[in-house]
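Reader: I am in my first year and would like a close look at a single part of this model, namely the beginning of the chain and the way its helices pack. Please go slowly and explain each term when you first use it.

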Amino acid sequence: MKLSKENIQFIDTYLQNHDVFYVDVRFEMIDHIASAVEEKMQNENIDFYDAFKNYMILNKNEILKQNKDTSSFSLTEFKRFFVFLLNPIAVIFAVIVYFGFNRINIQNSTISPFNFYSFFFLIVILIAVFQIIYFYFILKKRFYAIEKNGQILFVVYYLNMFLLNNYGNSDKPSLISITIVFFLLFSYSLFFVKEILKFRKQQLNYI
């Protein structure tokens, strides 16, 4: 027995009232609860509200344990990002960047170290500002994966600054350092877009 949009909204409101702030976390809970309630309605031949009430009496505490602390550091999101670095598109991009910059001999170009810093700082700021505007001012919703991905962005930024500062005996970053920096920024951007698309798909299903 399929739940109606009103039933889904009822579950969503219930979870919001129990401090499940993050939309993507609520989506996962809704999916779990909806499946269990549908099965209960079918097996016991009862309506939605009775099935929901009976299910939550037994499973409320277990369900709400899945809620995320708003201040928590997400090691899971970092692991997901580092696995994503093996994405074929990102790897191919890194290879193209390496051979492309090698061909134009970027190390001997007139680009100054200051311009390298400014460029990467600007990219990081633009990504961070887009995240804030998109989720806090346009959607006006909190998305756990994206908030925790912001932590990844700053780790990527500081790692990039370390690589760009690691000149050795040269006054310019090495080709390997520049390639890694571009690879990390491109991979993060790709990862962020993937999370947005995942979020939008879930939103269409439940809201």
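Author: What follows starts with the whole chain and then turns to its opening helices.

This is a predicted model, in which local features need pLDDT of at least 70 and side-chain atom pairs count only at pLDDT 80 or more, while totals for chains, interfaces and linings use all residues. Residues are numbered from 1 along each chain as its sequence is written, and side-chain values use heavy atoms, with hydrogens and water left out.

The chain has a mean pLDDT (the predictor's confidence in each residue, from 0 to 100) of 79, and 82% of its residues reach 70 or more. Confidence is highest in helix α1, residues 5-17, with a mean of 91, and lowest in helix α7, residues 144-165, with a mean of 74. Where pLDDT is low, the predicted coordinates should not be read in detail.

The chain contains eight helices and zero strands, where helices (H or I, at least four residues) and strands (E, at least two) are DSSP runs numbered from the N terminus. Of its 207 residues, 41% are buried; buried means under 20% relative accessible area, exposed means over 50%, and partly exposed lies in between, with a 1.4 Å probe and protein chains only. Among the contacts (heavy atoms within 4.5 Å) in the chain with a separation of 6 or more, 80% join residues 24 or more positions apart.

Now to the opening helices. Two packed helices are described by the angle between their axes and the distance between the axes. The axes are lines fitted to C-alpha atoms, for helices over the stretch in contact, and the angles run from 0 to 180 degrees between N-to-C directions.

For α1 and α2 the angle is about 125 degrees and the axes lie 10 Å apart, and the two helices are therefore oblique to each other. Here angles under 35 degrees count as roughly parallel, over 145 as roughly antiparallel, 65 to 115 as roughly perpendicular and the rest as oblique. The crossing of α1 and α2 is right-handed; a crossing has that name if the near helix is turned clockwise from the far one by less than a right angle, and is left-handed if the turn is anticlockwise. On the α1 side the contact is made by Ile-8, Ile-11, Asp-12, Leu-15 and Gln-16, and on the α2 side by Arg-26, Met-29, Ile-30, Ile-33 and Ala-34.

The loop between α1 and α2 holds Asp-19, whose phi is near 65 degrees, a positive value in a residue other than glycine. Asp-19 is partly exposed, at a relative accessible area of 45%.

The next pair, α2 and α3, packs at an angle of about 135 degrees with axes 9 Å apart, so these helices too are oblique to each other, and their crossing is right-handed. The residues of α2 that make this contact include Met-29, Ile-33, Val-37 and Met-41, and those of α3 include Phe-48, Phe-52, Tyr-55 and Leu-64. Between α2 and α3, the loop contains Asn-45, which has a positive phi near 55 degrees although it is a residue other than glycine, and Asn-45 is exposed, with a relative accessible area of 67%.

Helix α1 also packs against α3, at an angle of about 35 degrees and with the axes 13 Å apart, in a right-handed crossing. In this pairing Asn-7, Phe-10, Ile-11, Tyr-14 and Leu-15 of α1 meet residues of α3, including Phe-48, Phe-52 and Met-56. Asn-7 counts as buried at 12% relative accessibility, and its C-alpha atom is separated by 7.4 Å from that of Phe-48, 41 residues apart along the chain.

These helices also take part in the largest nonpolar core, a core being a set of buried Ala, Val, Leu, Ile, Met, Phe, Trp, Tyr and Cys residues joined through side-chain atoms within 4.5 Å. Of its 55 residues, Leu-3, Ile-11, Leu-15, Ile-33, Val-37, Phe-52 and Phe-135 touch the most other members. Helix α2 gives the largest share of this core, 10 residues. Leaving out residues up to four places away in sequence, Leu-3 touches Ile-8, Ile-11, Ala-34, Val-37, Glu-38, Met-41 and Phe-48.
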